[in-house]
Amino acid sequence: MLLAVGDASQTRRVARSAVAWLDAALLGGSVAAGAEVLAVVELSILFGPAPIRVVAGVTLGLILPGLVITRILAPERLEGAEQLLLVPAISMVIAILTGLVLNAAHLHLTTDNWAIALGLVTATGLAIVAKLERHEQVGKHPHRDSAAPLGAASDTGWRIRGVVAPALLAVAALAAIGALVIGARGQHYRGQGFTQLWALPGRGALSAVRLGVLSHELHEARYRIRVSVDGQEVGTQEITLRPGQAWQSTQPVTNAGEVEVRLERRPGGAVYRHVRLRVGRGGG
Amino acid sequence: VANTAGADHDLGLARPRELLMDGHQTTDWARRADVFSVSALAAAAGMGLMTVALADTVARSGSSWASPWFWAGMLMIWMPITLRIVEREATRSERIALLVLLGMAIYVVKILNSPRYFVGYDEFLHWRTAEDIVRTGTLFDPNPVLPISPSYPGLEIATSAITELTGLSVFVAGTLVVGAARLIMILALYLLYERVSGSAWVAGVATAVYFTCPQFLFFDAAYGYESLSLPLALLVLCGIARRRQVRGQRQIGATLLIILPLAAMVVTHHVTAFLLVITLLLLATFAVRLDHGNTRLWLWGIALIATGFVLLWRYLVAGRVIDYLEPPVSGALSGVVDLVSGQGVSRQLFHGYAGPTTPPLDVLASFAFTAITVFALALGWLHILRTRRFDALTVVFAVGALAYPASGLLHFTTFGAELATRLLAFVFVPVAFCIALGVSAARARRFNTAWVVALVSISGVLLYGGVVTGSASWSVHPGPYLVSADSRSIEAEGISAASWAASSLGPGNRIAADRINTLLMATYGDQLPVATVGPRIGVAPVFFSRELTPYERGLLRRGSVPYLVVDYRLTRSLPWLGIYYDNGEPGAYAHRRPIPTAAFAKFDRMQGASRVFDSGNIVIFDIKDVARGG
C-alpha cells in the first residue's frame with residue numbers, strides 16, 4: 001500500500017532492497033546446498049560404486065571448485081555463457097595449481113589426496129562465499145551485472161515449451177551416442193590375423209627357456225611347436241588356440257647352447273614364426 | 001542493449017531491425033524460436049555425426065567411398081549451423097548455443113577418428129607423461145619420448161585429477177579434459193571477440209571462421225598440451241577484455257580471474273606462454289598510446305606478471321626449454337634464409353613422400369583457403385583503418401594477423417612447414433577477428449539471401465580447405481596400415497608387441513625402434529626408447545646398413561641398448577611422413593626406396609644377438625651381449 005502511494009524513486013529503492021535481500025537469501029541457501037553436495041561427492045568418490053564415482057569425480061574435478069571460486073571472484077550474477085566458460089575453466093586451473101602444490105608438499109597425487117585437496121579448496125570457498133554473502137546481506141547492495149557484457153543478463157534462460165524441441169534434442173543426443181557406438185565398434189581390429197611367438201631365458205634356472213604363443217588370428221588355429229638345441233630337436237608339441245588365447249611353457253635345456261623354436265601352422269607345416277636364443281654360460 | 005547498438009553503429013553494422021536480434025535483449029517468441037532452431041540444428045548435427053561415424057567405419061577397410069561420406073557428414077554439421085549464425089535474425093544466446101554445438105560436434109568428429117585409444121603422434125607423447133603421473137603419483141618424472149613434456153605438466157595434472165577421482169582410464173579422462181578445454185576455447189573466443197568488436201554477429205562469425213583453422217579439427221583437439229594451453233590463453237585475453245569493463249572493488253576479483261588461468265597456462269605449454277607474453281607486452285605498449293585512464297599501468301602489470309611467471313617456471317623447472325625449441329626454430333629460419341638467398345631448394349608443396357601426390361581437389365581447396373583468408377584479411381584491415389578502430393586490442397589483433405601472410409615463406413622449407421602449420425592455431429585468433437570485421441563491412445552494405453548463401457558456401461570451402469591444409473588427405477580418415485604415417489600406423493600388431501614387452505621384459509628397458517614402435521614401446525610397453533646416444537647422434541644408422549659395421553656396434557654400446565625392435569613392414573614401403581626413425585636418419589625426407597630387407601636380416605646373423613619375439617612383421621632382438629661389447 002505504501003509502495004502504491006509512494007513516489008517513483010522510493011518505489012524503485014524498496015524494490016531494489018527486496019531484490020538484494022532475496023538474492024542474499026537464495027545465495028545463502030545455495031551455500032548450504034553446496035556443502036551438502038560436496039559431502040555427497042566426496043563420499044561417492046571415496047566409497048561409491050563406479051558409475052556414481054564417475055559422476056562425482058567429474059563434478060569435483062570440473063565443476064565445484066570453479067563454481068565456488070567464480071562466485072567469490074565474480075559475485076555479480078554472471079550471464080550464462082560466462083558462467084559456462086568460467087566454471088570448467090577455473091576448475092581445471094584449480095586442479096592444475098592444486099596438483100603442483102601437492103607435489104611440492106611431497107604428497108602423492110592419489111585418489112584420496114585429490115579428493116581431500118579439491119574438497120578443501122571447495123569447502124574453503126564455500127565458507128568465504130557464505131561470509132561475503134552475510135556481509136552483503138547486512139549492508140551492501142550486490143553490484144549486479146557490473147561485468148556482464150553489454151546488458152547480457154536480459155538474455156539468459158530459455159523456456160522450452162511443447163514437445164518438438166525436446167524431441168529434436170533427444171534425436172540429437174541419440175544420434176551422437178549412436179555415432180560414438182558405431183565408431184567404437186568400427187575400431188575393432190579387422191586386419192589380417194597374426195600370432196606371437198616368444199622365447200626368454202628361464203627365471204632363475206639358466207638351463208631353461210620360457211616359451212609362449214599368443215594367437216590373434218581371426219579364427220581358431222592349430223600349431224606345431226618344434227624346439228631344438230644346437231640343431232638337435234629336443235621337443236615338439238601340437239596346440240590349438242582360439243583368437244586371443246595364449247599358450248606358455250618352460251622347456252628344460254640340459255646343455256648350454258643355442259635354442260631355436262619354430263612355430264608351424266597346421267595343416268601345412270610351413271614355418272610360421274621362429275625365435276632363437278642362447279642359454280647357459282654367457283647366454284641370455 | 002544501448003551499448004551493443006552503439007557499438008554496432010560505430011562499426012556501421014547495425015540496422016534498425018537487427019539491433020534487437022544482434023544484441024542481447026530477446027523477446028519471448030524469439031526465445032522459443034531460439035530453442036527450436038538450436039534443437040533442429042542439433043538433430044541435423046547428430047545425423048552428420050552418424051554419417052561421419054559410418055564413413056570412418058568404411059574407411060577402416062580402405063573404401064574409396066569414405067571421403068565423400070565423411071565430407072557429406074561434415075557439411076551436414078557445418079552448413080545449417082553457419083547459415084543460422086550468419087543470419088541477422090539469430091539472437092546472441094542462439095549464436096552462442098550454435099557455436100558451442102558446432103565446436104563440440106567437430107570435437108566429436110575428431111573422437112570418431114579413434115574412439116577407443118590414442119592414435120595421434122603427440123597424444124602418445126603426453127599419454128606417457130600422464131601415465132607416469134598416475135603410476136607414481138609424482139610430477140616431473142623423465143619422459144623418454146618427449147623430455148620437455150614433464151616440465152609442462154598442466155594437461156597431465158588435470159587428467160590425473162579426473163583419472164584418480166573417477167577411476168576412468170587416462171584415455172577417457174584425457175578425452176574429457178580436452179573436451180572441457182574445447183568448450184572453454186569456444187566460449188572464450190566468442191566472448192573475447194564480442195568484447196572487442198561490441199557485436200554478437202561479428203563475434204559469431206569470427207568464432208566460426210576460427211573453426212576453419214587447419215589445426216582446429218585434429219591437432220588442437222588431440223591430447224596434447226596446446227589443446228589446453230590455448231583455451232587458457234584465450235581465457236586470459238577474455239579476462240583482460242572483461243576487466244576493462246569492470247569498475248570498483250570487483251576489479252580485484254576480475255584481475256584474479258586473469259592471473260589464475262595465466263599461472264596454469266604457464267605450466268602447461270611453453271610456446272603458448274611465450275606467445276601470450278609477447279601479446280600482452282604488445283597490448284600494454286599499444287594501450288599507452290591508445291587507451292586512457294589507469295588501464296595502461298594495469299596492462300603493464302599483467303604483462304610483467306606473465307613475464308615473471310614464464311621466467312620463474314623456466315628457472316625452477318623448465319631449464320631446457322630453450323634447448324628444446326632452438327633446433328626447430330633455427331632450422332626453419334635458416335631454411336627461409338637459404339631460400340631467400342638462393343642457396344636452398346624450395347620444398348615441393350603437396351608432395352607425398354610415399355604415395356600419390358595430394359588430390360587436385362585438395363590442392364585447389366588449399367589454395368582457395370589461403371586466397372580467401374588473405375583477401376578477407378585485407379578487407380578487415382581496410383575496415384579497421386577506415387573506421388579508425390584504434391583501441392589497443394583491435395590494433396594488437398590487426399598486427400598479430402600480419403603473421404599469417406608473413407609465415408607463408410616457411411611453408412616452402414622442410415622444417416619450416418611444420419612450424420608454420422603449428423603456428424596457425426595462434427595466428428588464426430587475430431586472423432579470424434579481422435576476417436569477420438572485413439565481412440561485417442560488406443554486410444553493412446548488402447544483406448540479402450544470395451549474400452548469405454554465398455557467405456555460407458565460402459565458409460564451406462574454408463572448412464574443407466582448412467582441413468586439407470592442416471592434414472594430409474590420408475590422415476583425415478582412419479584406414480588400413482601405412483608405413484610411418486602416425487595415426488595410420490597404429491594398429492593391433494604393434495600394440496600387442498609393446499604390451500608383450502611390458503609383461504614379459506618388464507618395464508624400463510632401453511630399446512631402439514622406429515618412429516611408430518618407439519611410441520608404442522614408450523606407452524603400451526612402458527619401455528625407455530633410445531633415439532640418441534649423444535648430442536645429435538641418433539641410433540637410426542644401425543637399422544639402415546646391410547652389415548653391422550664397428551661404427552654401428554659402437555652406437556649400440558654407447559647407447560647401452562639391450563633390445564632392438566625391427567618392423568619388416570618398413571622394408572615394403574616408403575615412409576608416408578618422409579622418415580622411418582628421425583630427422584637425422586640417412587636419407588631423411590628423400591628416401592627413394594624402402595629400407596632393404598637385408599638391413600634387418602643382418603640382426604639374425606649378428607653374433608651374440610637373440611631373436612626373442614616374432615609376430616610376423618615385428619621382431620625383437622635381445623642384444624645385451626652386443627651392447628656390452630661381446
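How much area do chain A and chain B bury between them? In this predicted model, the two chains bury about 8,300 Å² between them, and 66% of that area lies on carbon and sulfur atoms.

**View 1. The interface between chain A and chain B.** Where the two chains meet, 92 residues of chain A are in contact with 110 residues of chain B. Four salt bridges are counted between chain A and chain B, whereas a search of the whole structure finds 27 salt bridges over all chains.

**View 2. The salt bridges of B:Arg92.** Across the interface, B:Arg92 forms a salt bridge with A:Glu79, in which the closest N and O atoms are 3.0 Å apart. Within chain B, B:Arg92 also forms a salt bridge with B:Glu194, and here the closest N and O atoms are 2.5 Å apart. This second pair links distant parts of the chain, since B:Glu194 lies in helix α8 (residues 170-197) of chain B and B:Arg92 lies in helix α5 (residues 92-113) of chain B, 102 residues apart.

**View 3. The crossing of helices α6 and α7 in chain B.** The axes of helix α6 (residues 121-136) of chain B and helix α7 (residues 154-166) of chain B come within 9 Å and cross at roughly 50°, and α6(B) and α7(B) are therefore oblique to each other. The crossing in which α6(B) passes α7(B) is right-handed.

**View 4. The residues where α6(B) meets α7(B).** From α6(B), the residues B:His126, B:Thr129, B:Ala130, B:Ile133 and B:Val134 meet B:Glu156, B:Ile157, B:Ser160, B:Thr163 and B:Glu164 of α7(B). Sorted by kind, the residues of this contact divide into four nonpolar, four polar and two charged.

Notes
Residues numbered from 1 in each chain as written. Chains lettered and ligands numbered in written order. Predicted model: local features only at pLDDT ≥ 70, side-chain atom pairs only at ≥ 80, totals over all residues. Heavy atoms only, no water. Axes fitted to C-alpha atoms, helices over the stretch in contact; angles between N-to-C directions. Helix = DSSP H or I, 4+ residues; strand = E, 2+ residues; numbered from the N terminus. Parallel < 35°, antiparallel > 145°, perpendicular 65-115°, else oblique. Left-handed = near helix turned anticlockwise from the far one by under 90°. Contact = heavy atoms within 4.5 Å. Nonpolar A, V, L, I, M, F, W, Y, C, P; charged D, E, K, R; others polar. Buried area = accessible area lost by both parts, 1.4 Å probe. Salt bridge = Lys/Arg side-chain N within 4 Å of Asp/Glu carboxyl O.
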